[in-house]
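Let us walk through the strands of this model and see how they are arranged. Keep the sequence and the 3D view side by side.

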Amino acid sequence: MMFYFSPLVIYIPVGIYLFHFFRRFLKLFVSEDQKLPTNLSSVLFAVLCAVAGWRVYGLGAVIILHFTVIMIFLEGVNQIVKRVLGTERRGGFWKIVFESGLVGILIVSIVFSYGYFNMHHIRETKYSVRSSKIPSGKIRIAQISDLHMGTTMDVDALKDNCDRIQKQQPDMFVLTGDIFDERTGRSLMEEAVQVLAGVSCQYGIYYVWGNHDTNRYRYEPEYTMDELRQTLIKNGIHVLEDEAVQVTEQFAIVGRYDVSNVTKRKSIQELVQGIDPSCFLLLLDHRPVELKENAGAGVDLQMSGHTHAGQIWPTGQLGEIIGVTEKNYGMERIGNFHIIVSSGIAGWGYGIRTGGHSEFVIADVEAG
């Protein structure tokens, strides 16, 4: 229901402001006695903006909302200018620049140019976790999360980044959900799986489901959840569905169903039964949830994604403040428990990222 009502909640006030903006804009070019055509044209422009941005999570909506917020901020600046210069002296250059929206357009262009670069400039982020459960040496874990294959990355770009990961000589490669989504066609999915499976590591490649991987938001998906599962398995990737795997005598992995799969998801206490408490326990869960429970169950390291570190600023920070997410980004320690939340190697919906950055993670679990 949120997908139907949120556009109404958002675009009623936004539409009112845009009507006001367009009417003021048109008055720069038409005489005062043309009120009816000006008002009708302003209504039309505001409605067209609402239609273009009706899909709240689409690029059109993000552009319109950014422009609206920036212009509302500039309304405050305009009031300051009026007080400083006085109403009579406020004409000329500032009046044209403000009322035409040129400053808002320029700021939006700069923000989105940065957002495009930030989405496509993929960083390598390194972490180090020390544990007395590792007798000697280290285990290097590479992580990719939230690839959303096909939205901002093609097969060639994926191969380039997998080559970068391979150069780090990981012992284990983990894929923590939303590797695919509703826009990933079947052939693209199959090609991407082959590229990911090409990363060579001693202890293998492990995959857990995200909320988008299952194509649950698409009416007619090109492949089923089972077909994706079989493609992954056929290419040597371990699909963990609320199960534990003993990798070495000292190292075990638990892979979770995403919390959206409420019928199959077990408790962490059920999943860790039978695992030797002296083993280092890695938990793969798409969303950074149930952190205190996981810490209490003896998990040593949880690796998650999902948040995109707030793909559009400041959604990530607000989500963490109001409790929508338990951890927006980065590494945190709770006693002997560590949580790493990746911002993801790409993004969902559109190729813009004004919050966080794109990355793959290299985490060294070391003796200590």
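**Strands and their partners**

Start with β12, which spans residues 358–367 and is mostly covered. Of its ten residues, nine are buried, meaning that each has under 20% relative accessible area. Bear in mind that this is a predicted model.

Which strands pair with β12? One is β1, residues 122–131. Ten bridges link β1 and β12, and the two run parallel. To find the register, look at Thr-125: Val-361 in β12 stands opposite.

Another partner is β2, residues 138–144. Here the direction is antiparallel, with six bridges to β12. Ala-142 marks the register, facing Ile-362 in β12. So β12 has a parallel link to β1 and an antiparallel link to β2; both kinds of pairing work through backbone hydrogen bonds in a sheet.

Now move to another set of strands. What is the order in the open sheet of six strands? It reads β6-β7-β8-β9-β11-β10. The pairing is mixed. Which strands form the edges? They are β6, residues 243–248, and β10, residues 330–334. Each of these pairs on one side only. Between neighbouring strands of this sheet the average turn is 20 degrees, with direction ignored.

Look inside this sheet at β9 and β11, which are adjacent in the order. Strand β9 covers residues 301–304, and β11 covers residues 337–341. Four bridges join them, and they run parallel. Pick out Gln-302 to follow the match: its bridge partner in β11 is Ile-339.

How values were computed. Residues are numbered from 1 along each chain as its sequence is written. This is a predicted model: local features need pLDDT of at least 70, side-chain atom pairs count only at pLDDT 80 or more; totals for chains, interfaces and linings use all residues. Side-chain values use heavy atoms; hydrogens and water are left out. Two strands pair if DSSP finds at least two bridges between them. Axes are lines fitted to C-alpha atoms, for helices over the stretch in contact, and angles run from 0 to 180 degrees between N-to-C directions. Buried means under 20% relative accessible area, exposed over 50%, partly exposed in between (1.4 Å probe, protein chains only).
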